[in-house]
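Me: I am in my first year and would like a close look at a single part of this protein, taken slowly and in connected sentences. Please keep to the sheet and whatever lies against it.

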Amino acid sequence: MKELEERILKDGHVIMPDILKVDSFLNHQIDVALFEKMGAEFKKRFANKQINKILTIESSGIGVAVMAARYFDYVPVVFVKKANSKILNDGVYHTKVHSFTKDNDYDAQVSKNYLSDQDHVLIIDDFLANGAAASGMIALCKQAGATVEGVGIVIEKGFQPGRQVLEAQGVQVESLAIIDHFANGQVVFQ
Ligand code: G4P
């Protein structure tokens, strides 16, 4: 998506060898007009899929997912919660997710009330790096018997293995911008 790539070049900062900071429009402040266009683009990419629910994970996925839902006939958006609690709750599906960026584990949970075998799910997230968060969401869908129709990502870091991890699970992955590599602190797209 050209406008997104231009925005990343204009406002993104490479802050570590492999981390892109995009707080000014995605991860802290939200550019609502850009989010709307991203929502429309996800609809185009998954136009042939019958989707009745969008699943994302707190926190940065939520805004993108809500905007996308507007273009999928206002289907409900469910966001997976990140819990540290060790208390087991019968009312939720849960799975462990490892965050490579933060180097910690969390329990990803979704209520059994909001995910079921009737659901055809589009998973949305802001970044795809190692694919741990999206794999966790796929695992939750499997537990619920829901069908994963695809994964929509805003920014994919193509030099990390996330896409291969998801495609190995038979899932269509669509990313609005794919970073090939960082060179001297600059983003280079695929
Ligand atoms: P993975 O889910 O693809 O395996 O990614 P990883 O564990 O490496 O990433 C953990 C968190 O860091 C995720 O957010 C992910 O979206 C984010 N992230 C990964 N790479 C980048 C990057 O280059 N730039 C930015 N800005 N974020 C990145 P999260 O922990 O779920 O946090 P949030 O959604 O609450 O912000």
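Which strands does helix 1 lie across, and at about what angle does helix 1 run to strand 10?

Reply: Please keep in mind that this is a predicted model. Helix 1, which covers residues 2–11, lies across strand 8, strand 9 and strand 10, and its direction makes about 160 degrees with that of strand 10.

To place those strands, it helps to take the sheet as a whole: eight strands form an open sheet with mixed pairing, and their order is 5-6-4-3-7-8-9-10. Strand 5 (92–99) and strand 10 (186–189) stand at the edges, and because each has a single partner strand, one side of each is left without a neighbour in the sheet. From one strand to the next, the twist averages 30 degrees.

Within the sheet, strand 7 (residues 120–128) and strand 8 (residues 147–157) run parallel and are joined by eight bridges; to take one position, Ile124 has Gly152 in strand 8 as its bridge partner. Helix 5 (residues 132–144) also packs on the sheet, where it touches strand 3, strand 4, strand 5, strand 6, strand 7 and strand 8, and its direction makes about 160 degrees with that of strand 5.

At the edge formed by strand 5, the pairing with strand 6 is antiparallel and consists of eight bridges, and here His98 has Asp105 in strand 6 as its bridge partner. These two strands form a hairpin with four residues between them, and Asp103, in the turn, has a positive phi of about 50 degrees.

The largest pocket can be described alongside these strands, since strand 7 gives the largest share of its lining, namely four residues. The pocket holds about 960 Å³ of space and is lined by 35 residues, of which Ser99, Thr101, Lys102, Asp126 and Phe127 lie nearest its centre. By kind, the lining divides into 16 nonpolar, eleven polar and eight charged residues.

Finally, strand 9, one of the strands that helix 1 lies across, takes part in a contact between rings. The count of aromatic pairs comes to one: the ring centres of Phe159 and Phe182 are 5.4 Å apart and their planes stand at 70 degrees, and since planes over 60 degrees apart count as edge-to-face, the pair is edge-to-face. Phe159 sits in the loop between strand 8 and helix 6 (162–167), while Phe182 belongs to strand 9, so that the pair links distant parts of the chain, 23 residues apart.

Conventions
Residues numbered from 1 in each chain as written. Predicted model: local features only at pLDDT ≥ 70, side-chain atom pairs only at ≥ 80, totals over all residues. Heavy atoms only, no water. Pairing = 2+ DSSP bridges. Axes fitted to C-alpha atoms, helices over the stretch in contact; angles between N-to-C directions. Contact = heavy atoms within 4.5 Å. 1 Å grid on protein atoms, 1.4 Å probe; cavity = no way out; pocket = protein on both sides within 12 Å on 5 of 7 lines; lining within 4 Å. Points joined across faces, edges and corners; volume = space filled by probe spheres on them. Nonpolar A, V, L, I, M, F, W, Y, C, P; charged D, E, K, R; others polar. Phe/Tyr/Trp six-rings, centres within 6.5 Å; stacked < 30°, edge-to-face > 60°.
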